[in-house]
Amino acid sequence: MFDAFEIRDVITICISVAALALSYYTAMRASRLNRRQFELSKAQGEEGSRIAAASAEAAREQARMQRDSDIIAWAGAACDLLSEMAEFSVATGDTASQIARRHKLRHQLSAKIDMGRLFFPNSLSGLERLTETGKPPAYRGQRQSVLDHLIAAYDAFSELAVTGSETERRLIKWEVTAEKRGFISEVHEFIDPRRYVEFRDDGEIAEIKEKIKAEAAEEEAGKAAQ
């Protein structure tokens with residue numbers, strides 16, 4: 001009976017040890033899975049932050065590109081007008097149609113100047129905010145130099161006289177052309193067409209999302225295999 005008791009006792013101890021080992025293994029396995037799940041969640045959070053940052057950056061760049069496109073369209077129309085004014089300056093004749101055309105060109109350039117105030121608003125100091133309240137809001141403060149070129153061209157062209165000499169006409173053409181070059185240079189510096197836009201596009205954002213999905217699927221497959 002003593003021998004039988006010892007055998008049962010040994011069996012019980014072995015079973016307890018095996019159960020303890022299994023419990024320990026299960027706990028360690030669960031710990032590793034929890035740690036892996038935490039790492040995966042952390043990685044997904046980081047990738048999610050990257051996606052959000054990439055989307056925000058893309059939105060900002062698209063807004064800037066749209067504004068640049070609007071400025072380019074406005075500046076292109078202004079340059080076309082200035083080129084016509086320069087050539088008109090040396091045209092001969094004083095017919096009624098030419099006189100009407102000269103007034104039309106001045107009117108069109110004046111409209112372009114006012115339109116430019118929407119892209120290049122005046123800078124306004126604190127003192128000017130107090131002292132220039134009588135002026136319309138768009139005309140308060142210091143005008144930006146990019147518009148100064150258009151106004152100088154307008155003033156030069158306005159001096160064009162029907163009876164002006166060829167030398168005077170050529171001088172006006174030169175002045176208008178010089179202001180056109182100054183104007184386009186100012187716009188060029190503002191939009192910086194030489195820059196290379198570097199931002200994540202929708203394709204890269206989609207690639208990040210696919211990576212997250214693949215990692216999640218791999219984790220699920222690992223759990224199922226256990």
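**Exercise 1. Determine whether D148 is buried, partly exposed or exposed in this predicted model, and identify its salt-bridge partner.**

Solution. Step 1: the relative accessible area of D148 is 30%. Step 2: a residue is called buried under 20% and exposed over 50%, with partly exposed in between; D148 is therefore partly exposed. Step 3: the salt-bridge partner of D148 is R143, and the closest N and O atoms of the two lie 2.6 Å apart. Step 4: R143 has a relative accessibility of 32%, so this residue also counts as partly exposed.

**Exercise 2. Describe helix 4, which holds residues 145-158, by its span and its buried residues.**

Solution. Step 1: the helix has 14 residues. Step 2: from the first C-alpha to the last it reaches 20 Å, which is close to the 20 Å expected at 1.5 Å a residue. Step 3: the buried residues of helix 4 are V146, L147, H149, L150, I151, A153, A156 and F157.

**Exercise 3. Compare the salt bridge of R101 with that of E166.**

Solution. Step 1: a search of the whole structure returns 5 salt bridges. Step 2: one of these joins R101 to E84, with 2.4 Å between the closest N and O atoms. This pair links distant parts of the chain, since R101 belongs to helix 2 and E84 to helix 1, 17 residues apart. Step 3: R101 is partly exposed at 26% relative accessibility, and E84 is partly exposed at 32%. Step 4: E166 forms a salt bridge with R170, where the closest N and O atoms are 3.2 Å apart. Step 5: E166 and R170 lie 4 residues apart in helix 5, so about one helical turn separates them. Both E166 and R170 are exposed.

**Exercise 4. Classify the ring pairs that F120 forms with W74 and with F190.**

Solution. Step 1: a pair of aromatic rings is described by the distance of the centres and the angle of the planes. Step 2: the whole structure contains 5 aromatic pairs. In the pair of W74 and F120, the centres are 5.9 Å apart and the planes meet at 45°, an arrangement classed as tilted. Step 3: this pair connects distant parts of the chain, with W74 in helix 1 (residues 2-89) and F120 in the loop between helix 2 (96-119) and helix 3 (126-131), 46 residues apart. W74 and F120 are both buried. Step 4: for F120 and F190, the centres are 4.9 Å apart and the planes lie at 70°; the pair is therefore edge-to-face. Here the loop residue F120 is linked to F190 in helix 5 (residues 166-191), 70 residues away. Step 5: F120 counts as buried because its relative accessibility is 2%, whereas F190, at 39%, is partly exposed. Step 6: W74, F119, F120, F183 and F190 together form one aromatic cluster.

**Exercise 5. Establish which residues touch the most other members of the largest nonpolar core, and which helix supplies the largest share of this core.**

Solution. Step 1: the core holds 28 residues, and W74, L150 and F183 touch the most other members. Step 2: at least two residues come from each of helix 1, helix 2, helix 4 and helix 5. Step 3: helix 1 gives the largest share, 10 residues. Step 4: beyond the residues up to four places away in sequence, W74 touches K112, M115, G116, F119, F120, L147, L150, F183 and V187.

**Exercise 6. Locate M85 and S89, and list their contacts beyond four places in sequence.**

Solution. Step 1: M85 is found in helix 1 and is buried, because its relative accessibility is 0%. Step 2: the contacts of M85 are L105, L109, A153, F157 and V176. M85 and L105 are 20 residues apart in sequence, with their C-alpha atoms 6.9 Å apart. Step 3: S89 is also in helix 1, and its relative accessible area of 0% makes it buried. Step 4: S89 touches F157, L160, R169, I172 and K173.

**Exercise 7. Summarise the fold of the protein chain, its burial and its contacts.**

Solution. Step 1: the secondary structure comprises 6 helices and 0 strands, giving the pattern α-α-α-α-α-α along the sequence. Step 2: of the 226 residues, 23% count as buried. Step 3: among contacts with a separation of 6 or more, 74% involve residues 24 or more positions apart. Step 4: the chain exposes about 15,100 Å², of which carbon and sulfur atoms supply 58%.

Definitions and conventions. Residues are numbered from 1 along each chain as its sequence is written. This is a predicted model: local features need pLDDT of at least 70, side-chain atom pairs count only at pLDDT 80 or more; totals for chains, interfaces and linings use all residues. Side-chain values use heavy atoms; hydrogens and water are left out. The expected span of a helix is 1.5 Å times one less than its number of residues. Buried means under 20% relative accessible area, exposed over 50%, partly exposed in between (1.4 Å probe, protein chains only). Contact means heavy atoms within 4.5 Å. Accessible areas come from the Shrake-Rupley method with a 1.4 Å probe; for residues, only the protein chains shown count as cover. Rings of Phe, Tyr and Trp (its six-membered ring) pair if their centres lie within 6.5 Å; planes under 30 degrees apart count as stacked, over 60 as edge-to-face and the rest as tilted. A nonpolar core is a set of buried Ala, Val, Leu, Ile, Met, Phe, Trp, Tyr and Cys residues joined through side-chain atoms within 4.5 Å. A salt bridge is a side-chain nitrogen of Lys or Arg within 4 Å of a carboxyl oxygen of Asp or Glu.
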